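I opened this notebook to keep track of what I looked up, entry by entry. The topics are helix placement, salt bridges, backbone geometry and the surface.

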Amino acid sequence: MQNGELKLRFVPQTELDIQKEYCKKVAALLNERYGKKPLACVVTYGCQQNVADSERLKGMLFEMGYGFTDDRFSAQLIIFNTCAVREHAEDRVFGNVGALKKHRAENPGTIVACCGCMMQQEHIARKIKKSFPFVDLVFGTHVVHRLPELLYKTLTSQKRVFETPDADGVIAEGVPVLRDDEKKAWLPIMYGCNNFCTYCIVPYVRGRERSRLPQDIVSEAKSLADSGYKEITLLGQNVNSYGKDLEPRVSFAELLRMINDLPGDFRIRFMTSHPKDCTEELLLAMAECEKVAKHLHLPFQSGNDRVLRAMNRGYTRSRYLSLISRARELMGDSLSVTSDIIVGFPGETRQEFLDTLSLIEEVRFTSLFTFIYSPRKGTPAASMPDPVSQEEKGRWLRELLDAQERISAQNMKKYSGKTLKCFICGRGRQPGELEARTDGNLIVELEGDESLIGSFKNITVTEPLTYVLKGRLAE
């Protein structure tokens, strides 16, 4: 991509300055209307990228004078940041938005807004407009940076505002961020996807792949490290594609090394990787960079080559297995591998499903994220013949989960008695308990004082359970 084309994908500073002016206008309007700090409630569904988007929404809302609450019924502004990856997520959104109908009628000054991936789909935006007349503002993934302008229009026009342009997407640098955590940060490095897996709606709602400039990413990472953040997770729909659209080209492996070279005691994670673009260069960077977590989340989706072709995944079973073999050769027992699986893709047979089952037995993943196929309107897979019943797919899923539970329990036993460097990330499930994460992203529960939250500590594993390790601070 030429520099001129690349420049067009970045929101110009003049546009960002306009949004800053709208922030001031909204702040003045809110002060006049409420006389005190109004509250906003941002409800987030879906992936870590959506969480990062919500942190930017909150950053802009903070600049506009809003405080924040988790209680949507006490908020003057309620924003649903939505996910379109599975039908269940969409159903939850419709249910929770619909539950506000009575509250909105009793509190007409409350603004209800919907944004995110669902809203970027034309049929969903139409449904919101027709069936949820109390929703005041709807905006898509490509105009998140224009929230101040859109909110000002909503507050002043007394008309519903819909802004869901169909576009390849842009990058807006310099948007304020209000992070949910003081020690753990999400850091988007790219947006969009070019892969067009036949089951996936993401390329249609997030646009084409577009990489942030490496100097902007490294600068943000340095600022986070300097501010005391201990875990920085690099985000992208396919981080392995990072930099393909930049001139000069900077690969994801090179970006990892740049961030790894920053001073400070912090850990680097990343997600999600696509097997099609997973390279020797990346695996070497993981092995050689001391700050990069030895955790590879590499979704394989199916263990059968015909199904992989139907999914348009761009790799074979043998290619996937060779990647795992090479990664373990470089990183040994320190490597933790997790993955995603779709059960019951249209046309998948029982025998093809058994190929997936045999793959998890061969790889022996640390853990899996498993889903029954969910048709997404507008994707090629949604029109494919799908003769297998939901009940049968459910039985396959149960079979897969039982196998993985057995594998996970066996894997965890190897940590018994070992001392691991862990990041203590928060309170545990029980009073007096803390939750920590190993380099491989395993959960460790231990007793300890809350003053330890946000620090790295050596923890000795005292009891390995199926999905959680029990431990104590090392002496």
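**Entry 1: two buried helix positions**

I began with Ala225, which I found in helix α9, the stretch covering residues 214-226. The model I am reading is a predicted one. Is Ala225 buried or exposed? Its relative accessible area is 17%, and because the cut-off for buried is under 20%, Ala225 counts as buried. I then looked up its distance to Ala99, and noted that the two C-alpha atoms are separated by 41 Å, with these positions 126 residues apart along the chain.

I next turned to Thr356, which lies in helix α14, residues 350-363. Thr356 is buried, its relative accessibility being 2%. From Thr356 to Val343 the C-alpha to C-alpha distance is 8.8 Å, and the two are 13 residues apart in sequence.

**Entry 2: a helix pair**

I looked at how helix α11, residues 280-288, is placed against helix α13, residues 317-331, and found that they pack at an angle of about 30° with their axes 9 Å apart. That angle makes α11 roughly parallel to α13, because angles under 35 degrees count as roughly parallel. The crossing in which α11 passes α13 is right-handed.

**Entry 3: salt bridges**

How many salt bridges does the count come to? I noted 40 salt bridges, and I followed some of them individually.

In the first entry on this list, the side chains of Lys24 and Glu21 meet in a salt bridge at 3.5 Å, N to O. Both residues sit in helix α2, residues 13-34, and because they are three residues apart there, about one helical turn separates them. Lys24 is exposed, with 54% relative accessible area, whereas Glu21 is partly exposed at 43%.

I then looked up Glu149 and Lys153, whose side chains also meet in a salt bridge, with an N to O distance of 3.5 Å. This pair belongs to helix α7, residues 147-157, and since Glu149 and Lys153 are four residues apart, they too are separated by about one helical turn. Here Glu149 is buried, with a relative accessible area of 11%, while Lys153 is partly exposed at 34%.

For Arg350 I found a salt bridge with Glu399, in which the closest N and O atoms are 2.8 Å apart. Arg350 lies in helix α14 and Glu399 in helix α15, residues 390-413, so this pair ties together parts that are 49 residues apart in sequence. Both partners are partly exposed, Arg350 with a relative accessible area of 35% and Glu399 with 28%. I also noted that Glu55, Arg56, Glu173, Arg179, Arg212 and Glu220 are joined into one network by salt bridges that share partners.

**Entry 4: backbone geometry**

Which residues does a cis peptide bond with omega of about 0° join? I found that they are Met271 and Thr272, and that Thr272 is in the loop between β11, residues 267-271, and α11, the helix I had compared with α13. Another cis peptide bond runs from Glu247 to Pro248, with omega near 5°. Pro248 is placed in the loop between β10, residues 231-235, and α10, residues 252-260.

I also looked up positive phi values at residues that are not glycine. Gln158 has a phi of about 60°, and its place is the loop between α7 and β6, residues 161-163, where α7 is the helix that holds the Glu149 and Lys153 pair. Gln158 is exposed, with a relative accessibility of 77%. Phe196 is likewise not a glycine and has a positive phi of about 50°. I found Phe196 in the loop between β8, residues 190-191, and α8, residues 202-206, and at 29% relative accessibility it counts as partly exposed.

**Entry 5: a nonpolar surface patch**

I closed with the surface, where Phe62, Phe68 and Leu178 form a nonpolar patch with about 250 Å² of accessible area together. Of these, I looked more carefully at Phe68, which is found in strand β2, residues 67-68. Phe68 counts as partly exposed at 31% relative accessibility, and it can belong to the patch because residues with over 30% relative accessible area are admitted.

Terms used
Residues are numbered from 1 along each chain as its sequence is written. This is a predicted model: local features need pLDDT of at least 70, side-chain atom pairs count only at pLDDT 80 or more; totals for chains, interfaces and linings use all residues. Side-chain values use heavy atoms; hydrogens and water are left out. Patches are made of residues with over 30% relative accessible area and no salt bridge: like charges are joined within 9 Å, nonpolar side chains (Val, Leu, Ile, Met, Phe, Trp, Tyr) within 5 Å. Accessible areas come from the Shrake-Rupley method with a 1.4 Å probe; for residues, only the protein chains shown count as cover. A salt bridge is a side-chain nitrogen of Lys or Arg within 4 Å of a carboxyl oxygen of Asp or Glu. Helices (H or I, at least four residues) and strands (E, at least two) are DSSP runs, numbered from the N terminus. Buried means under 20% relative accessible area, exposed over 50%, partly exposed in between (1.4 Å probe, protein chains only). Axes are lines fitted to C-alpha atoms, for helices over the stretch in contact, and angles run from 0 to 180 degrees between N-to-C directions. Angles under 35 degrees count as roughly parallel, over 145 as roughly antiparallel, 65 to 115 as roughly perpendicular and the rest as oblique. A crossing is left-handed if the near helix is turned anticlockwise from the far one by less than a right angle, and right-handed if clockwise.
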